[in-house]
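User: I'm trying to learn how to read a protein model, and I'd like a close look at one part of this one. Could you walk me through it slowly, and then show me what surrounds it?

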Amino acid sequence: MPTRAERIAELSRAARAGRWRLANLRLPAACLLPGHGLRAGRDDLVCADLILEGGRIAGIEAPGQDSENPSVDLAGRIAFPGFVDCHTHLDKGHIWRRTPNPDGTFDGAIATTWRDKERFWTPEDLRARIDFALRAAHAHGTVAIRSHLDLSGDNLETLLPLFREIASDWQGRIALQPAALLGTAEADDPALLDRIARALKDIPGAVLGAFARAFLDDQPDLPHRLEALIRTAERHGLPLDFHVDETTDPNSRGFLMVAEAIRATGFQGPVLCGHCCAPATYDADLLARTLDLAAGTGISVVSLPLCNAYLLDRAAHATPRMRAVAPVHEIRAAGIPVAFGSDNTRDPFNAYGDLDLFEVYRFATWMQHLDHPVGDWPASVTATPARIIGADAGRIAPGAKADLVLFDARGQDELIARPHTDRIVVRDGLPIDPPLPDYAELDGLEGLDDLSD
């Protein structure tokens, strides 16, 4: 078996021919468009050859077809399309060392992040941390990211233009979308909400979003505020993205109230709801009523298992009793699209993580049982989030960009068993091998200079 370096060299030589063949691959059936004519086998994988030309997929054929073009035999290895991460927080990433969460709780994360933002969030600091995170995601095989941005205070005038510059710098490597992260209280100020929406609408792919806290005994004004957010998005032609039910408290009703508001307003744009952990604690009737309301409204769900497993059901010197994740099987069975995302990385909401969406998928397979059968779950980190956020990515199809992630695995057991740090990323039909950024690069950030241990 060739070494990874030898395989990359072999792929590079074949690609120089212009038109070439990746032979004997196993592709997730869920990531192929209908009509390919090939049969899915074990683990819902399709054996196929890919013909690549001009940075795109020129054809998909059954293995063993004669060809005069150069080919590289992958001997049944698995290939995914490039990953699409539809829920991250790039502005918060990589602040853990200077501003750690003292107890790992949700309340501790909010207070700690606020302190870090007030002290350190200069354009230079933000650019360094966001670029670091994007280089990690790029090396892992991600091709598109939606990032929530905290636009409270002066951040609208500083963070949003900076993010637009970074998105331009990364064009062609990772497609970036900004999502405004507001508290629903901002909806009480129509002029502010309108100003935020006007700033967003000038950025391709931008989204209006909010954290919708909705306990039974809390926020009686939430329905009015949700309506104001929805009407603003409607006027400016913006999609919506809500944080809801990031808790294991069964009294949380954010997802339900968003679904009610979408139905009441008749909003026709796409809506993404992130987290949705509390519904896993509902009784069967309440869960069914919630999902019935959400189905058919244009709402999709993104589950964020790494961050929520870290953050929720946490108490000092106690073992968590709940998995603290969205009930994804029930959500999908209701006809609601389900994706998985990275969420926070190395910040007070999650001390760990590296914007590796395969790590998220691997963890979710254990945590949320994305197997037996595998079915279309591979689409939950590729085709489904791409469709949710409108990214031209996530599919293996004739004419699609030849953005692939090649794994040294031939079935689900081998794929999930290892983290596959030796994966090979193919972008525009060419293998790339960017190094993961060194954490020491962040040592010069303000607040880290005086750390000696």
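Which residue in E13 stands opposite Phe80?

Analyst: The residue you're after is Val405: it stands opposite Phe80, and it belongs to E13. One thing to keep in mind as we go is that this is a predicted model.

Let's begin with the strand that carries Phe80. Strand E4 covers residues 71-81. Eight of its eleven residues are buried, so E4 is largely enclosed by the rest of the structure. What does E4 pair with? Strand E1 (residues 19-28) is one partner: E1 and E4 pair in the parallel sense, over five bridges. If you want a spot to click on there, Leu22 stands opposite Val72 in E4.

The other partner to look at is strand E13, residues 404-407. Here E4 and E13 run antiparallel, and four bridges join them. That is where your Phe80 and Val405 face each other. Another pair to find is Ile78 with its bridge partner in E13, Phe407.

Now stay on E13 for a moment. Here's a handy rule: in a regular strand the side chains alternate between the two faces of the sheet. With that in mind, look at E13: Leu404 and Leu406 sit on one side, Val405 and Phe407 on the other, and all of these are buried. In other words, both faces of E13 are covered.

E13 also pairs with strand E14 (residues 424-427), in the antiparallel sense and over three bridges. Leu406 is a good marker for this pairing, with Ile424 in E14 as its bridge partner.

Part of what covers the sheet is helix H3, which packs on it and touches E13, E14 and E15. The direction of H3 makes about 95° with that of E14.

Time to zoom out to the whole sheet. It has seven strands, and the order is E3-E2-E1-E4-E13-E14-E15. The sheet is open, and its pairing is mixed. You've already met an example of each sense: parallel for E1 with E4, antiparallel for E4 with E13. At the edges are strand E3 (56-61) and strand E15 (430-432), each of which pairs on one side only. From one strand to the next, the twist averages 40°.

Back to helix H3, since it deserves its own look. H3 covers residues 123-140, which is 18 residues. Does its length come out as expected or not? At 1.5 Å a residue it should span 26 Å, and its end C-alpha atoms are 26 Å apart, so the two agree. Plenty of H3 is tucked away: the buried residues include Leu126, Ile130, Phe132, Ala133 and Leu134, and also Asp125 and Arg129. After H3 comes Gly141, which has a positive phi, near 110°.

H3 has a helix partner too. It packs with helix H4 (residues 155-169) at an angle of about 35°, and their axes are 11 Å apart. The crossing of H3 past H4 is right-handed. On the H3 side the contact is made by Pro123, Leu126, Arg127, Ile130 and Leu134, and on the H4 side by Leu159, Leu162, Glu165, Ile166 and Asp169. Sorted by class, that contact has seven nonpolar, no polar and three charged residues. Leu126, Ile130 and Leu134 are worth a second glance, as they appear in this contact and are buried.

For contrast, here's the other sheet. Eight strands make it up, in the order E5-E6-E7-E8-E9-E10-E11-E12; it is open, and its pairing is parallel. Strand E5 (83-88) and strand E12 (338-340) stand at its edges with a single partner strand each, so one side of each has no neighbour in the sheet. The twist in this sheet averages 25° from one strand to the next. For a sample pairing, try strand E10 (residues 271-275) and strand E11 (residues 299-303), which pair in the parallel sense over four bridges. There, Val271 has Ile299 in E11 as its bridge partner. And helix H5 (residues 190-201) lies across strand E7 (175-183) and strand E8 (207-212), running at about 175° to E7.

Terms used. Residues numbered from 1 in each chain as written. Predicted model: local features only at pLDDT ≥ 70, side-chain atom pairs only at ≥ 80, totals over all residues. Heavy atoms only, no water. Buried < 20%, exposed > 50% of the residue type's maximum accessible area, 1.4 Å probe, protein only. Helix = DSSP H or I, 4+ residues; strand = E, 2+ residues; numbered from the N terminus. Pairing = 2+ DSSP bridges. Expected span 1.5 Å × (residues − 1). Axes fitted to C-alpha atoms, helices over the stretch in contact; angles between N-to-C directions. Contact = heavy atoms within 4.5 Å. Left-handed = near helix turned anticlockwise from the far one by under 90°. Nonpolar A, V, L, I, M, F, W, Y, C, P; charged D, E, K, R; others polar.
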